[in-house]
Amino acid sequence: MSDDGHWLTLLGHLNARSFPFVRAWDDPTVSELIGALAGALVVVGALALVALVTWKRWWRPLVRDWLTSLDHKKIGIMYVVLAGVMLSRALVEAVLMRTQQSLAVDAPGIVAPEHFAQLFSTHGTIMIFFMAMPFLTGLINYVVPLQIGARDVAFPLLNSISLMLTAGGAGLVMISLAVGEFSTGGWSGYPPYTGKAFQPGVGPDYWIWAITLSSLGTTFSGLNFAATIYKKRCPGMHLSRMPLFCWTALCTSILMIFAMPPLTLATALLALDRYLDFHFFTNDLGGNMMNYVNLFWLFGHPEVYILILPAFGVFSEVISAFSSKELYGYKSLAAATMVIGVLSFTVWLHHFFTMGQSADVNAAFGVATMTIAIPTGVKIYDWIWTMFRGEVRFTAPMLFALAFIVTFVLGGLTGIMLAIPPIDYVVHNTVFLVAHFHNMLIPGLLYGMIAGYMYWFPKAFGFRLSEVWGKVAFGCWVSGFYLAFMPLYVLGLSGMARRSQALFEPDYRPWLLVAVVGAFLLLAGLVSLFVQLWVSVRDRAANRVPVGDPWDARSLEWSVSAPPPEYNFATIPQVDRLDPFYWRKERGEAYRPADRYNAIAVPKNSWVGPLVGLAGAACAFGLVWHIGWLTLLGFVGVWIPVIARSFMRDVHRTIPASEIEATERRWLDRAHAARPVPRELETEPANLGLARPFPAQVPA
Amino acid sequence: MSGPANGPQLRHVGLNLLHSDEMEPEEAATGLYGFWIFLMSDAILFALLFAIYGTQLAATAGAQGPQDVLKLGPAFVETVILLTSSLTFGLAAIALKYDRGQFGLVLWLCVTLMLGIAFLGFEISDFRTMFADGATPDRSGFLSAFFALLPTHGLHVAAGCIWIMVMLAQIAVFGTDGRVKLNLLRLGLFWHFLDIIWIAIFSVVYLQGTLA
Amino acid sequence: MSETAPPHRRPVGPVPRRQAISRLAPYCAIVALLPIGGCSVLDHGILGAAGPVAEQTRSLFLLVCAIMILVAAPVLLLTPIFAWHYRLSNTESAYRPQWGFNWPLEGLIWIPPTLIVIVLAVILWRDTHALDPYKPLASPHAAVEVQAVALDWKWLFIYPNEGVASVNELAFPAERPIHLSLTSGTVMQSLFVPRLGGQIYAMAGMTTQLNLAANAPGRFRGENTQFNGAGFQNQKFSVLAQSNDDYARWLARARAGGRTLDPAAYAALTARSTQAEPILFGSVTPDLFRSILARNDPGMQTAHGHHPQ
């Protein structure tokens, strides 16, 4: 605790050299200039955003309609926006890393080792905690209450707090570009390397506190979703009648509740080591870094399923909708989901087979790992048989789902290989492993999130996304993936260690060149997504689906207008079987007015979430730079709004019955005036969101 | 909503929610359920802290071990204080349940608060003694684990004390309306949960450490 | 880099960085190079196995690949077939919107994967024990004992029986297996010789073990695969499986050099630096490995003085 004095100064450890611009001025190498450019982008981007919002006079609507909103739909959308921003940064970093490796065979390349290490650390950290998690949390937030016939999540305020804590963590990672540096210890942050003895700078501290904010937010999200799904289902919506996405959301929530504490604890103990000279994971005085590795993967493996299961849910919805068919093996799928959830806690050791355990231990965990392949394989076949005797349409989300099935199976195969300890010994820590987990997470998470985004976008905004650009994006994401990662399997089998800033084996070069082409294609995929959004917003008048059912889908979220009213359902629906909206349409009972409408109470906006997020980020920033007053201010700032809020009783706003009735009538009039479209025309402007029923059956 | 129409239904022992108008029983049940989930997550945190403590028992690195630093006497007093505070919180909950005016409720909450603060006082005095003996967390893996597990519990108790104070203020402002009742019920769960954790600490840390 | 990369076995080991002669040529030649480069690149890893452990692992790998084809084939076939056959525009195909379950099919979905996993589990259990890195290798000759110490960013190899040591060069007679005891003088690292077999972590205060052997004399690349800082990418070492005569000469050369690995020399090695050329030590302070181990032993020894009270 030799730096006690710094805590009491105004700026803690901050000084001129903390800024990449100063470092680049002193030492203008390409690597430092790239760092300064990235920092400048953050600063200029933030200033430009502020200027734009001010110039367009968007502050009031931004704050009133979005930041302080407790509506689960808006919070969901904000999560997805956050994910999109962070995805952009982390993907650019990936391209930079691939470029560096392709240039650095027996050559220095353009990125110095220190910067390269920060790149792979932020890339992993962002992709997992600030891209994947917000994306899936956003989708769950938006969709689950609508699917179970609820008006909101169980705890709307907590929902906003979760979002803002996650955003605070993401903000901290962004700030690290312009102030100081990030950890070089990878997304898993293994000590003792991340300990004070080996990384005395602020890098690991940024990592620790960004992760901590995010994991707190995620724990609360998991709690919130679990309570929502258990307690807020509409009458008749038994667990066994929930859409499969809700099952996967439930399983993911349970995993969040149980798997986030090990991470919180691991980072907290690492922080104690770094700040107060504790000896949990140090080399000396009785520290034991194996405890960290166990804690981290006790979180890390369930985390894999936290990420993948919601995507499984999306694919279940998408494949069923675009095959116009009931999901095959619904009960099988739900059971397989829960089995995966339980098994995911029994396999963490396979992340470190090479730590010297006995053969018995390794073999036991290897077998447990392979066991997960059974329910996962079952799911794959269930999706395939869902297409059987269906009417398959190759829309962009469906294409992502098909690409997922094929690609994910390949990743699963290499997963089986890695589960076998002797094979793991020869590919562990090589780019084979990197190829494997990208092969699981790009199809198994990102394709699912993109498919879900495209599938539910018309529901959320009332108009469809451009199909052409969706297919362009699909082409880039899929070909880019294969080009970028198949070479890594080869290189990994050839013994190329992961996280290498430079390479000394000329034979690697051609494969690295293919991989970098793939990385650029993936970047093109991201750009196509943005172009798609821009084109679709521009042409939105031609693609409106106000009636709300553009895909002739089956669950409750499609039974309301697009976008749905703030209160979701004018009357809480009654459900008597699986796929309630499909059967309502089948029986001709859809689009009927209610007998009477009641006033509905919705939560009022609240500043608590944004204040807590801001204060949390300030506290974290103070801790990173050892600024005592800011830490204290931030900590107190987190609790004051929460306590003050508990003294507020006027937290609901009532929407009068007349207003609800008027809104509903407007929508129903539109539905009755709209022309039902057959599936052949579902991507045409004729599709106003009213589906023409299929002829019941076509014989074989 | 499909709330129970006939007859008061006690969804949760200790809370007579149908007496309050502004909160649906479902809403209260959901609120309570969410807090149970939170406690579950918190319990995982403590379970892992215990696991770490177990693995670090031998890692004394030449500094004091459990036998040298742990004193059963003060720990026993702390145990009695905390168990008593659980009892007094239970009495507060009974006062709340039977709506016998606010006096009993406030009285027992105040007693609980005092006991909580007394517990913290004893614990801090323990730590001071240890620090004076040179048993600081930067000395060894064992002491690190000890000073992670116990202060985590202590911080929870401190948070509980602040929560009691907030609830006393809320009772003063709102009386016992639905949300105050719900929050008191959650606070009760929290307080008893900390008691259970302490019993585990007393058994695993103190009994095992001094008698083994 | 020539356009017709010959299928040579390049000498492995630390290659000094040199400027790329031409950066444009490789971009033009990607397609032409892939098959040629593709053949030789795999020789650097497990598929170019050069020792019994690696060979067994390679056989296991190929067996698992074959089984995996069985697993993947139905999915890779059925997905495009179903999607295409049941496409909307195919009016000939059947349509059963309310069909969602079938018991025999369910059996077909659950049982074969379970059987395959059982088969794989048996193989896994057998080979995890057969290829346990701690298991001594069968050989008529006694194993060479080597104590490996992971440092930033170099490897120290101590030969306790021969009383010599080396940095970034692991030599042993090809006809004898080698038994490594590993620890780390710094952060966790992982020792990996891709063509000889598996890898194992080296951790401060702890010992792990690894048994390797080579079929014939040869020169192989060894590396640390666990990221440990700015010099990580340079932390490669040469593995020299030698004839008995060459090994004897190597030992003699080490002794002739006259350098001594004592605590002071070890302290100099622990500086965070890369080491391009191997260093040989002719003598080693006895029990140096044990003292390195004790320095970071979790718990069993006394506190250092450098911690303030």
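# Reading a predicted three-chain model

Modeller: Chain A is divided into domain 1, covering 58-606 and 651-681, and domain 2, covering 607-649. Please keep in mind throughout that this is a predicted model.

Colleague: How should I read the contact between these two domains, and how many residues does each of them bring to it?

Modeller: One can begin with the centres and then go on to the residues that touch. The C-alpha centres of domain 1 and domain 2 of chain A are 28 Å apart, and the contact draws on 20 residues of domain 1 of chain A and 17 residues of domain 2 of chain A. On the domain 1 side, helix 7 (156-178) and helix 8 (203-231) of chain A each provide at least two residues, and the largest share, 11 residues, belongs to helix 7 of chain A. Sorted by class, that side of domain 1 of chain A holds 14 nonpolar, 5 polar and 1 charged residues.

Colleague: Which helix of chain A gives the largest share of the side that touches chain B?

Modeller: A contact between chains can be read in the same steps. Here 32 residues of chain A meet 31 residues of chain B. Helix 8, helix 9 (244-276), helix 10 (289-322) and helix 21 (628-646) of chain A each contribute at least two residues to the chain A side, with the largest share, 9 residues, coming from helix 9 of chain A. The chain A side consists of 21 nonpolar, 8 polar and 3 charged residues.

Colleague: What are the elements of chain B, taken from the N terminus on?

Modeller: Their order is α-α-α-α-α-α, which agrees with the count of 6 helices and 0 strands in chain B. Of the 212 residues in chain B, 40% are buried. Among the contacts in chain B with a separation of 6 or more, 78% are between residues 24 or more positions apart.

Colleague: Now for a sheet: in what order do the strands of the open sheet in chain C stand?

Modeller: For a sheet, one gives the order of the strands as neighbours and the way in which they pair. The open sheet of 5 strands in chain C has the order 4-10-9-6-7, with mixed pairing. Strand 4 (169-173) and strand 7 (197-202) of chain C are at the edges, because each has a single partner strand and is therefore left without a neighbour on one side. On average, neighbouring strands of this sheet are turned by 20 degrees against each other, direction ignored. Strand 4 of chain C runs parallel to strand 10 (residues 236-242) of chain C, and 5 bridges join them; C:Ala171 has C:Leu240 as its bridge partner in strand 10. Across strand 4 and strand 10 of chain C lies helix 5 (residues 244-257) of chain C, at about 135 degrees to strand 4.

Colleague: Finally, the backbone angles: is C:Asn168, with its positive phi, buried or exposed?

Modeller: It helps to take the angle, the place and the surroundings in turn. C:Asn168 is not a glycine, yet its phi is positive, at about 60 degrees, and the residue sits in the loop between strand 3 (164-167) and strand 4 of chain C. The cut-off for a buried residue is 20 or more other C-beta atoms within 10 Å, so C:Asn168, with 24, is buried. A:Tyr591, likewise not a glycine, has a positive phi of about 55 degrees and lies in the loop between helix 19 (580-586) and strand 1 (600-603) of chain A. A:Tyr591 counts as partly exposed because it has 18 C-beta neighbours inside 10 Å.

Note on methods. Residues are numbered from 1 along each chain as its sequence is written. Chains are lettered from A and ligands numbered from 1 in the order in which they are written. This is a predicted model: local features need pLDDT of at least 70, side-chain atom pairs count only at pLDDT 80 or more; totals for chains, interfaces and linings use all residues. Helices (H or I, at least four residues) and strands (E, at least two) are DSSP runs, numbered from the N terminus. A residue is buried if 20 or more other C-beta atoms lie within 10 Å of its own, exposed if 12 or fewer, and partly exposed in between; C-beta atoms are placed from the backbone. Two residues are in contact if their C-beta atoms, placed from the backbone, lie within 7 Å. Two strands pair if DSSP finds at least two bridges between them. Axes are lines fitted to C-alpha atoms, for helices over the stretch in contact, and angles run from 0 to 180 degrees between N-to-C directions. Domain bounds come from an automatic or database domain assignment. Ala, Val, Leu, Ile, Met, Phe, Trp, Tyr, Cys and Pro count as nonpolar, Asp, Glu, Lys and Arg as charged, and the others, Gly among them, as polar.
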